[in-house]
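Colleague: I would like a close look at one part of this model, the sheet and what packs against it. Please take me through it in one connected account.

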Amino acid sequence: MSSTPVAVVTGANKGIGFAIVRALCKQFPGDVYLTARDPGRGQEAVAKLQEEGLHPLFHQLDVDDLQSIRALRDFLKEKYGGLNVLVNNAGIAFKVLDTTPFAVQAEVTLKTNFFGTRNVCTELLPLVKPYGRVVNVSSMVSSSALASCSQELQQKFRSDTITEEELVKLMTKFVEDTKKSAHEKEGWPNTAYGVSKIGVTVLSRIQARMLNEKRKGDHILLNACCPGWVRTDMAGPKATKSPDEGAETPVYLALLPADADGPHGQFLSNKTVRSW
């Protein structure tokens, strides 16, 4: 078993994930895994970074596929005895002008962005070693979407005692409400991406609380962040940040020094803690 530290980035064959891998290859003292759903695209991305003189490794990971997540889990357990850094970056968004029915957009978007991320965490968080760092890439859209929720929903999502089970029920309810075209009446905003990222931010707050309760002495720090508006296939060419700039806050959180006792359970953008 290798005692080399190991970092894993999900959804990393392009965009912000790719830029996070690039930065970690330069700054993280260990093995960095670029993961992607499609092995072809993943290997291509690895080759690109190798041309830059960097040495990422590849492992297949489809966050929508539990078997794929568990295969990565077993690989990390066997080869490294766990992991040191996990960056949950994989995510999708429908374009604003997409004509796919909203209920379908809601189901598909939450499947990957919330439920996929949650499944990765369920399988991989127990493997995170002492002084490990976990970064869940969320979005400022989670803040604006939260502000567009009913007061009742806002209260639930801001609660310091909400459980993962309660959060899962709420995310499932959103998808069900969209199928009945009742989501606005039920206090939800008109953005599936926004709701999915509310889920990621609140999940991060819950997970940090659980780490405090169950693994306090392990000094693991877990946070959610917004990378900003980044020029990617998702956000388009008009966005203000380059992918490398978008990677800055996730990488900062992934590389918090061993003697840091925070941030933890926070939502950050531009390396700054934001109120939720």
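In what order do the eight strands of the open sheet lie?

Modeller: This is a predicted model, in which local features need pLDDT of at least 70 and side-chain atom pairs count only at pLDDT 80 or more, while totals for chains, interfaces and linings use all residues. Residues are numbered from 1 along each chain as its sequence is written, and side-chain values use heavy atoms, with hydrogens and water left out. The order is E3-E2-E1-E4-E5-E6-E7-E8, with mixed pairing, where strands (E, at least two residues) and helices (H or I, at least four) are DSSP runs numbered from the N terminus, and two strands pair if DSSP finds at least two bridges between them. Strand E3 (57-60) and strand E8 (272-274) form the edges, each pairing on one side only, and from one strand to the next the twist averages 30°. At the E8 edge, strand E7 (residues 267-269) runs antiparallel to E8 and is joined to it by three bridges; Ser269 has Thr272 in E8 as its bridge partner.

Helix H2 (residues 39-51) packs on the sheet by touching strand E2 (31-36) and E3, and its direction makes about 170° with that of E3; contact here means heavy atoms within 4.5 Å, and angles, from 0 to 180 degrees, are taken between N-to-C directions of axes fitted to C-alpha atoms, for helices over the stretch in contact. Helix H8 (residues 192-214), in turn, lies across strand E5 (128-137), strand E6 (221-226) and E7, running at about 165° to E6.
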